[in-house]
Amino acid sequence: MNADPLERIPPAVRSALHARGYTSLTPVQEAVLDPALEGHDLRISSQTGSGKTLAIALVLSPLLAAEPAGKGGGCAPQAIVVTPTRELAAQVQGELGWVLAGDRRRIVSVTGGTSVRAELAELSRGADIVVGTPGRLLDHLERHAIDTSGVRAIVLDEADQMLDLGFREALEAILGKMPEGRRTHLLS
């Protein structure tokens with residue numbers, strides 16, 4: 001087995017990293033690639049700026065089905081990322097976007113303070129990953145705008161902060177709409 005953790009990353013993601021000048025990974029990014037963690041829920045705790053968002057992209061990438069989301073078939077994502085703020089949602093969407101671009105992955109963001117109608121139009125075009133704030137994500141789930149039957153992983157980004165901000169009920173409702181057997185990853 002190759003000792004280089006970059007060799008454990010799918011080729012398209014590895015190409016995206018090389019294109020951005022990555023020659024090595026941070027400790028948190030290397031940690032999530034440990035083969036012993038495969039198939040397990042993760043609790044990732046690390047300081048701001050340590051590369052947690054890229055780490056979660058490395059975790060999600062192998063879980064995504066070979067074919068990217070189709071257009072016009074409705075929104076049936078394979079992963080959902082919940083963030084406490086729309087700013088963080090935009091950051092996560094951007095980071096996942098460039099990392100997974102080589103696999104033509106469609107990442108859609110749904111957040112409060114934006115047009116519900118525009119989001120519904122975006123969701124109707126399909127998504128591999130939906131990133132959203134708790135309230136807006138729950139709203140779209142309750143509207144049945146997102147089919148969760150194929151969700152393979154849900155990520156609670158800044159989970160501790162979301163609980164501190166009073167999102168417990170919304171998070172429990174969101175988790176209650178996820179299929180059994182999916183991975184649940186907590187970031188803080």
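Biologist: Let's start with helix α3, residues 52-60: how many of its nine residues are buried?

Modeller: This is a predicted model, so take everything here as computed. Helix α3 is largely enclosed by the rest of the structure. The buried residues run K52, T53, L54, A55, I56, A57, L58, V59 and L60. That makes the count nine of the nine.

Biologist: And which element gives the most to the largest nonpolar core?

Modeller: That core has 34 residues, and L17, L58, L96 and I129 touch the most other members. The elements that give two or more residues to this core are α1 (11-19), α2, α3, β2 (79-82), α4 (86-99), β4 (129-132) and β5 (153-156). With seven residues, the top contributor is α3.

Biologist: What is the size, in residues, of the second core?

Modeller: The second core is separate, and A127, L137, L141 and I146 are among its members. In general, nonpolar side chains tend to be buried together in soluble globular proteins. The second core comes to 22 residues.

Biologist: Back to I129: which residues does I129 touch, leaving out those up to four places away in sequence?

Modeller: I129 is one of the residues in the largest core that touch the most other members. Skipping residues up to four places away, I129 touches L60, L64, P77, A79, V81, L96, L100, R106, I107 and V108.

Biologist: On to charges. Which residue forms a salt bridge with D128?

Modeller: A search of the whole structure finds seven salt bridges. In the one with D128, the closest N and O atoms are 3.3 Å apart. D128 lies in the loop between α5 (116-124) and β4, and its partner in the loop between α4 and β3 (107-110), so the pair ties together parts that are 23 residues apart in sequence. The partner is R105.

Biologist: Are D128 and R105 buried or exposed?

Modeller: The cut-off for buried is under 20% relative accessible area. D128 has a relative accessible area of 1%, and R105 has 11%. Both values fall under that cut-off, so D128 and R105 are buried.

Biologist: What about R136: which residue does its side chain meet in a salt bridge?

Modeller: The N to O distance is 2.9 Å. R136 sits in helix α6 (residues 134-142) and its partner in helix α5, 17 residues apart, so the pair links distant parts of the chain. R136 is buried at 13% relative accessible area, and the partner counts as buried at 6%. That partner is E119.

Biologist: Where do R168 and E172 lie?

Modeller: R168 and E172 form a salt bridge, with the closest N and O atoms 3.3 Å apart. E172 is partly exposed, at a relative accessible area of 48%. The two residues are four apart, about one turn of the helix, and both lie in helix α8 (residues 168-176).

Biologist: Which residues are linked in a network of salt bridges?

Modeller: One member also came up among the residues that I129 touches, namely R106. The network links R106, E122 and R125.

Biologist: Last one: which residue's backbone nitrogen lies 2.9 Å from a polar atom of the D34 side chain?

Modeller: D34 is in the loop between α2 (27-32) and β1 (43-44). D34 is partly exposed, with a relative accessible area of 36%. Its C-alpha atom is 17 Å from that of L186, 152 residues apart along the chain. The backbone nitrogen in question belongs to A36.

How values were computed:
Residues numbered from 1 in each chain as written. Predicted model: local features only at pLDDT ≥ 70, side-chain atom pairs only at ≥ 80, totals over all residues. Heavy atoms only, no water. Buried < 20%, exposed > 50% of the residue type's maximum accessible area, 1.4 Å probe, protein only. Polar contact = N/O pair within 3.5 Å; in protein donor to acceptor, adjacent residues only side chain to side chain. Core = buried A, V, L, I, M, F, W, Y, C linked by side-chain atoms within 4.5 Å. Contact = heavy atoms within 4.5 Å. Salt bridge = Lys/Arg side-chain N within 4 Å of Asp/Glu carboxyl O.
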